Structure formats: structure tokens, C-alpha cells
Amino acid sequence: MPKSLSAKCACGAVTANLIGPFRDAMGCHCETCRRQSGHYVAATQIDADGLQLLTSDRLKWWNASETAKRGFCNECGSLMFWREDGSDRVSVFMGCIDAPTGIKLTTHIFLEEKGDYYDV
């Protein structure tokens, strides 16, 4: 796996350097991820101090639950980050990371909440 990667939202208003090590990607099928993204999301995870925001004036954090928040671009709406309150780790959504990533999707979580229109 690479030691660092770059990430950006769809419009380029939020950009970041990501410093690993990177966790294998997980697919999250929870209802909140599905509703906010339109499908399930895939994310890797890094130490929070490995998230180096380069341009972030459009980054907005939303309290997705009582225990976690999501970071997204308030210009284009791209979902980028998820962080549990008090955690020293941050999840980075795979769709915003520039290829090649060298990261593989290996695990699926919250399958009991997945949509009824697809199989895993």
C-alpha cells in the first residue's frame, strides 16, 4: 500500500493529503450511508493526524448520529470523511481518493440494513 495519497471533492474545493498507513476499504450498507450517498459507501481509514487538509473552506461537518459526524463539500455535496466522536481515526471515502490507490475493498458492514435491490 502507498504511504500517502491525495483526495478531493468533485468540484475541487476541498483537497487533502492522506498519510497512511491505510486500512483495507470497508463497504458500509447502513441506512444513513445509503440515504446520504444514494447507495452504499466504501471507505479506508487513517490516523486523524494523517488527514492534512490543503483547501478546506468548503468542508462542512454534519452530525450524522449521536456519536459520529460526516465531512462533505458544501459546494458540490461530495461525501469525503466520517469520524466517530473522540476517535483518533478518520474514515476517508474511496470515491474522493485519486487513483491508483492500491487499496482493496475486503469487508462489508451493516448488511442487515442494505437495500433490497442488490446482493453482496
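In the predicted model, the protein exposes a surface of about 6,700 Å², of which carbon and sulfur atoms supply 48%. Of its 120 residues, 39% count as buried. The charged side chains comprise 13 positive and 15 negative ones, and the centres of these two sets lie 4 Å apart.

The protein contains one helix and 10 strands. Read from the N terminus, the order of these elements is β-β-β-α-β-β-β-β-β-β-β. The radius of gyration is 14 Å, close to the 14 Å that the globule rule gives for 120 residues, so the protein is as compact as a globular protein of that length. Along the principal axes, the C-alpha atoms fill a box of roughly 40 × 30 × 30 Å. Contacts between residues at least 6 apart in sequence were also examined; 57% of these join residues at least 24 apart.

The N-terminal part of the chain forms a hairpin from strands β1 and β2, with six residues between the strands. The two strands pair in the antiparallel sense over five bridges, and Lys8 stands opposite Thr15 of β2. Within this hairpin, Gly12 adopts a positive phi near 85 degrees. In a regular strand, side chains alternate between the two faces of the sheet. Strand β1, which spans residues 4-8, has a covered face made up of Leu5 and Ala7, whereas Ser4, Ser6 and Lys8 form its uncovered face.

Strand β4, residues 41-47, is mostly covered, with five of its seven residues buried. This strand pairs with β3 (residues 25-28) in the antiparallel sense over three bridges; in this pairing, Gly27 has Ala42 of β4 as its bridge partner. Strand β4 is also joined to β9 (residues 89-93), again in an antiparallel arrangement, by five bridges. Here the bridge partner of Gln45 is Ser91 in β9. Strand β4 is thus paired with β3 and with β9.

The helix α1 covers residues 31-37 and includes Ser37. Why is Ser37 classed as partly exposed? Its relative accessible area is 33%, and the partly exposed class lies between the cut-offs of 20% and 50%. The C-alpha atom of Ser37 is separated by 9.5 Å from that of Gly77, although these residues are 40 positions apart along the chain.

Several features of the backbone concern the loops and the segment after β10. The peptide bond from Gly20 to Pro21 is cis, with omega near 15 degrees, and Pro21 is placed in the loop between β2 (residues 15-19) and β3. A cis peptide bond also joins Ala99 to Pro100, where omega is about 0 degrees. Pro100 belongs to the loop between β9 and β10, the latter strand spanning residues 105-109. In the segment after β10 lies Phe110, which has a positive phi of about 55 degrees although it is not a glycine. Phe110 has a relative accessible area of 40% and is therefore partly exposed.

Conventions:
Residues numbered from 1 in each chain as written. Predicted model: local features only at pLDDT ≥ 70, side-chain atom pairs only at ≥ 80, totals over all residues. Heavy atoms only, no water. Helix = DSSP H or I, 4+ residues; strand = E, 2+ residues; numbered from the N terminus. Rg over C-alpha atoms; globule rule 2.2 N^0.38 Å. Buried < 20%, exposed > 50% of the residue type's maximum accessible area, 1.4 Å probe, protein only. Contact = heavy atoms within 4.5 Å. Areas by Shrake-Rupley, 256 points an atom, 1.4 Å probe, with all protein chains shown as cover. Lys, Arg positive; Asp, Glu negative; His and termini not counted. Charge placed at Lys NZ, Arg CZ, Asp CG, Glu CD. Pairing = 2+ DSSP bridges.
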